[in-house]
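Me: I am new to this structure and would like to go through it slowly, one question at a time. Could you answer each question with a little reasoning?

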Amino acid sequence: METLPFGAILLLWLLGVAVLIWPILRFIGVRLIGNDEVGIVEKIWSAKGSLDGQIIALNGEAGFQPEMLRGGIHFVPGWQFRVHKYPLLTIHRGQIGYVFARDGKPLSYSAEHANSESGQTLGRVVAGGDFSDVRKFLGQGGQKGPQRGILREGTYAINLAQFIVITGKDQIHYLPLGDKHEDVNIKKMAYDLESMGGFQPVVIAGVEDHIGIVTVHDGPSLPKEDIIAPTVGDRKEMPHYHNNFQDPEAFLAAGGYRGRQYQVLTEGTYFINRLFASIELKEKTVVPVGHVGVVVSYYGEKGKDTSGEAFKHGELCEVGERGVWRTPLMPGKYPFNTYAGIIMLVPTTNIILKWVEGEQGSHNFDEHLSEVSLITRDAFEPLLPLSVVIHIDYMKAPSVIQRFGNVKMLVEQTLDPMVSSYFKNEGQKRTLIELIQNRSEIQENSSQSMKTKFAKYDLELEEVLIGTPHSPAHDDRIEKILVQLRDRQIAEEQQETYRKQEEAEGKRMTLNAARAKADRQTALSESEIDVQIQVNQGKAQAARAEQEAKKTVTLAAADAEASARTGIGQAIGVAELQKAYGDPRLMVAKEVGTRFCEAIASGKIAIVPQTLMQMGGSGGENSGGTNVLSDLLTLFLADRMGLVDVKPGEEANPEVERMKKQIMEPILKEFEKPKE
């Protein structure tokens, strides 16, 4: 048989000795505590007796002792003490540990607290929130039950006989005492904390646009007239700055109340005891572009009315006071506590309201509006569709909300009856045809007339738009009237078309003439040149004629002078001839006969007339030399005037007699002159 090495034999021998002597060592008080452990000491018996309703023995009584054993070898008599070893408590990163104290004072405010009041739900924070020193905790008035203080990430040596630490639904660290009722309560607490996410810090991410609404579950109750707790200790410079509800003691010392808080949490990470305050995430209030937010606040002191004496529809107050804030919120995102009030959005862009069944504007304020029912002067009952464009001044939006409650109530309770009544009155003044034909005039007049009425309600009327009246269901009489109007219009348009066609035909003829003229432009140009040539030639001939006339005048003047001289000579000759003839009439007759013969010869006049005339008559005293001449002259004049067909014995032509007289009178006067 193979023998063991000496070292192994020595080790086995030591182990055997230890096994044999360990009970003896334990009995005499030797305790070995690891560095990652704590030893909770329980005193089995004591000469000072046992505890009366307590768990921790502060004065050496029998029971759990406030001090713990840390890592190392300790001498604790086994016949008097029992040591319970537990590992150190570790709180991981991003985790919260809740503490429940088994021993301490009851949950009520002590007399030295200024806001002393019954109804406390959590134990006060004492000893700087350190739960590692049980004696210090109890000595400074630590209270039993769930604690306001929490454990953040780290490793702690906790006396699990005094404190129960919960770090998760299934992570409950405590020394069992055999109390089933306690076990049930602790497990329920762990479940409630798990359900509200209480083992993780409150994280509000900016990308989600959330805010945290805080409800405090500890502290004095709100006054009966308030519905939300006022903000306290929210700035670092304040003596009781509670750092966004992460320090419950500072919050209560600052005068905080239990209940829903006006102050909200914005973006960040908060280690808040969920047994002290629960957090509800809400979206931020967004006032979009084209709107303002009118705040109706349920929180704050009653302020002074700023609406003025002329405003009789309520009060407007300053920002932060209770009531309707006179200053609206501009477009943007706001961490507004919607439990402390509401923000009513009021459009500042144009609002289109449609009085048309089944149609709504973009803001949907007119979903219950329909066409206005009219009765015209000629007893028709058309339905009139309307569209009204209004605008609300952003600074007057609070007064609109104060007066009407909201924009939809304004439309349905005020604008609808006002607009309907106006157009009903207008419809009674006109026939159906006038209502249709004068639509533009009615539209313009209504816009001007209703602007004053809208201004009384702090509204700006931009425009009124009127549609085409139509019949109610199962009534086609108005449509028949419209058909007749359309037929009439078509006829008028046809007449206008014919007139336009006639004008077009005239313009076409003008165009054709212009085209023809253009085609003959060369000929026209040549003819115009010819005309100009003729005009120029005429002017040249006129100039020559003028020169000839001047020449003729000059020659005539010379001839006249010569003729005058000749006449003088002839007069002398005539006088001599008269003396020779003895009777002037004979000389004249001779001269006339001579001139007559010369005229016949030079004029190539037929000597024998085409018509023979028998002339007769009695001679008078002076008829001997003139009858034949007269007859010859009569015959000549008659032939030259085309009157040669006068028969003998007929009356002489008056015109011939007039001309003969005109010729003969000068001759006879010459004969009748006395002889010299």
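The questions and answers below go from the whole chain to its cores, its salt bridges and a few single residues.

Me: How many helices and strands are there in the protein?
Reply: The model is a predicted one, and what follows should be read with that in mind. Of the 676 residues of the protein, 34% count as buried, and the secondary structure along this chain comes to 13 helices and 27 strands.

Me: Among contacts between residues at least 6 apart in sequence, what percentage join residues at least 24 apart?
Reply: The contacts in question are those in which the two residues are at least 6 apart along the sequence. Within that set, the share that joins residues at least 24 apart is 72%.

Me: How much of the accessible surface belongs to carbon and sulfur atoms?
Reply: The accessible surface of the protein comes to about 40400 Å². The part of this surface that belongs to carbon and sulfur atoms is 55%.

Me: Which element gives the largest share of the largest nonpolar core?
Reply: The largest nonpolar core holds 39 residues, and Leu415, Phe423 and Phe454 are the members that touch the most others. At least two residues each come from β18, β22, β23, β26, α5, α6, α8 and β27. The largest share, 8 residues, comes from α6.

Me: Which residues are in contact with Leu415, leaving aside its neighbours within four places in sequence?
Reply: Leu415 is one of the residues that touch the most other members of the largest nonpolar core. Once its neighbours within four places in sequence are left aside, Leu415 is in contact with Leu353, Trp355, Ile390, Leu410, Phe454 and Leu459.

Me: How many residues are in the second, separate core?
Reply: In soluble globular proteins, nonpolar side chains tend to be buried together. Besides the core of 39 residues, this model has a second, separate core that includes Val99, Ala101, Val126 and Ala161, and its size is 19 residues.

Me: Does Ile73 count as buried or exposed?
Reply: Ile73 lies in strand β4, which covers residues 72-75. Together with Leu32 and Phe75, Ile73 makes a nonpolar surface patch of about 380 Å². Because the relative accessibility of Ile73 is 57% and the cut-off for this class is over 50%, Ile73 counts as exposed.

Me: How many residues apart are Glu67 and Arg135, whose side chains meet in a salt bridge?
Reply: A search of the whole structure finds 23 salt bridges, and in one of them the side chains of Glu67 and Arg135 meet at 2.8 Å, N to O. Glu67 is in strand β3 and Arg135 in helix α2, so that the pair links distant parts of the chain. Glu67 is partly exposed, with a relative accessible area of 43%, and Arg135 is partly exposed at 35%. Along the sequence, Glu67 and Arg135 are 68 residues apart.

Me: Are Glu182 and Arg102 buried or exposed?
Reply: The side chains of Glu182 and Arg102 meet in a salt bridge of 3.0 Å, N to O. Glu182 lies in helix α3 and Arg102 in the loop between β7 and α2, so the pair ties together parts that are 80 residues apart in sequence. The relative accessible area of Glu182 is 13% and that of Arg102 is 7%; because buried means under 20%, Glu182 is buried and Arg102 is likewise buried.

Me: Why are Arg508 and Glu505 separated by about one helical turn?
Reply: The side chains of Arg508 and Glu505 meet in a salt bridge of 2.2 Å, N to O. Arg508 counts as partly exposed at 41% relative accessibility, and Glu505 as partly exposed at 35%. The separation is about one helical turn because Arg508 and Glu505 are 3 residues apart in helix α9.

Me: Which residues are linked in a network of salt bridges?
Reply: Some salt bridges involve a single pair, such as the one in which Arg508 and Glu505 meet. A network of salt bridges, in contrast, links Glu496, Arg499, Lys500 and Glu503.

Me: What is the phi of Asn364?
Reply: Asn364 is placed in the loop between β23 and β24, and at 35% relative accessibility Asn364 counts as partly exposed. Although Asn364 is not a glycine, its phi is positive, at about 65 degrees.

How values were computed
Residues numbered from 1 in each chain as written. Predicted model: local features only at pLDDT ≥ 70, side-chain atom pairs only at ≥ 80, totals over all residues. Heavy atoms only, no water. Patch = residues over 30% accessible without salt bridge, like charges linked within 9 Å, V, L, I, M, F, W, Y side chains within 5 Å. Areas by Shrake-Rupley, 256 points an atom, 1.4 Å probe, with all protein chains shown as cover. Salt bridge = Lys/Arg side-chain N within 4 Å of Asp/Glu carboxyl O. Helix = DSSP H or I, 4+ residues; strand = E, 2+ residues; numbered from the N terminus. Buried < 20%, exposed > 50% of the residue type's maximum accessible area, 1.4 Å probe, protein only. Core = buried A, V, L, I, M, F, W, Y, C linked by side-chain atoms within 4.5 Å. Contact = heavy atoms within 4.5 Å.
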